[in-house]
Amino acid sequence: MTTHDISITENQADRVPNIAKQRIDNRMVALGHSLFALGLAGIGVLSLGSGDFAYTWQPVPQWIPWRQGLAFISGFALLTTAVGMLVRKSARTAALMMSLYQLLLLITLHFTHVLYSPSDVGRWLGLAENLVLVCGGWVLVCLVSQQAAHPDRVWRNTFWPPTLFAGACVVFGVSHFVYAEATAGMVPAWLPYRIGFAYLTGAGHLAAGIAILLTIIPGIAATLEACMISAFVVLLHIPGVFHEPGSRLQWTMLCQASALAGAAWLIAGSLARGKTAIGISPHAPVSGYVRAERDIPVILGEPK
């Protein structure tokens, strides 16, 4: 074996851990992509079935003209863009449209309510949840972009989504302490000291948000946050639907929590990629995550 061959072998060995980690990151992103799209599709179906806006985006004023028609349009838009996000060719456009729609809802429904009563943590909570959905769609646009020269440079920025997501996590944490009794009421009855779990999860939200904001192991912090929200889906919302299968509220909470978990996994996956040589740079677009494992050399920037 020549010196050149040894050098190549050593370089390839050094990249093995990175390739394995990239595959894990890809699975995180794929999980987030699926949960995000399916959760929003579910909310769209609920809007179409009820002829009303989702509970999570209330209150939509009753005086709005053609309110029921707008609710149907909203549900149809959510469903079609969510399905579009699951199709490779339309994923980027659908994610961009979804993000813009979520941003519109955030500004018109939640931001105005926060301005009216800035001391109301409940109103901040509604804004934070929609902000996470905006960030999830934003990251998905970055992840499925196949060209670096797209004109929408703002949507290709990978700095703001995790930063805004971190701010939302801080709001989640504060709400757990302010509404500790209500939060404890959602904890499964078989768990002891339910109020303690309310405070513990609130502290977890706060810790994750602060860690991401201060760039202290942000990838790990976002991953733990995604795991915690996913645990809420499994332990709280799926059983809630089983106990009350006809409850629109339970289905809405399940779909909303699933979409939030999906957004968290998307952000965690993008941050995890940023810590490896084959991941994303803080301000660069990402492409190729949907490629199969046989195309890993393309992700590495090497010829096949």
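Here is a chat about how the labels on this predicted model are earned.

Colleague: What should I know before we start, and which features count in this predicted model?

Modeller: It's a predicted model, where local features need pLDDT of at least 70, side-chain atom pairs count only at pLDDT 80 or more, and totals for chains, interfaces and linings use all residues. Residues are numbered from 1 along each chain as its sequence is written, and side-chain values use heavy atoms, with hydrogens and water left out.

Colleague: How many helices and strands does the protein chain have?

Modeller: There are 10 helices and zero strands. Helices are DSSP runs of H or I with at least four residues, strands are E runs of at least two, and both are numbered from the N terminus. Along the sequence the pattern reads α-α-α-α-α-α-α-α-α-α.

Colleague: Why is Gln-250 called buried?

Modeller: Buried means under 20% relative accessible area, exposed means over 50%, and partly exposed is in between (1.4 Å probe, protein chains only). Gln-250 has 13%, so buried is the word. Gln-250 sits in helix α9, residues 248–273. Leaving out residues up to four places away in sequence, Gln-250 touches Gly-240, Val-241 and Glu-244, where contact means heavy atoms within 4.5 Å. Across the 304 residues of the chain, 50% count as buried.

Colleague: And what makes Ile-216 partly exposed?

Modeller: Ile-216 has 47% relative accessibility, so it falls in the in-between class. Ile-216 lies in the loop between α7 and α8.

Colleague: Which residues form the nonpolar patch on the surface?

Modeller: Ile-210, Leu-213, Leu-214, Ile-216, Ile-217, Ile-220 and Leu-224 do, with about 680 Å² of accessible area together. Patch residues have over 30% relative accessible area and no salt bridge; like charges are joined within 9 Å, and nonpolar side chains (Val, Leu, Ile, Met, Phe, Trp, Tyr) within 5 Å. A salt bridge is a side-chain nitrogen of Lys or Arg within 4 Å of a carboxyl oxygen of Asp or Glu, and accessible areas come from the Shrake-Rupley method with a 1.4 Å probe, with only the protein chains shown counting as cover for residues. Helices α7 (194–213) and α8 (218–243) each supply at least two of the patch residues.

Colleague: How do you know that Cys-135 is too far from the closest cysteine sulfur for a bond?

Modeller: A disulfide needs a pair of cysteine sulfur atoms within 2.5 Å. The closest cysteine sulfur to that of Cys-135 is in Cys-169, 9.5 Å away, so there's no bond. By this rule the count is zero disulfides. Cys-135 is buried, at 0% relative accessibility.

Colleague: What is notable about the phi of Trp-66?

Modeller: Trp-66 has a positive phi of about 50 degrees, although it is not a glycine. Most residues other than glycine have a negative phi. Trp-66 sits in the loop between α1 (3–50) and α2 (67–85), and at 75% relative accessibility it counts as exposed. Thr-215 also has a positive phi, about 55 degrees, without being a glycine.

Colleague: What makes a nonpolar core, and how many residues does the largest have?

Modeller: A core is a set of buried Ala, Val, Leu, Ile, Met, Phe, Trp, Tyr and Cys residues joined through side-chain atoms within 4.5 Å. The largest has 64 residues, and those with the most contacts inside it include Phe-36 and Leu-266. Its largest share, 13 residues, comes from α9. Beyond its neighbours within four places in sequence, Phe-36 is in contact with residues including Met-85, Leu-140 and Leu-266.
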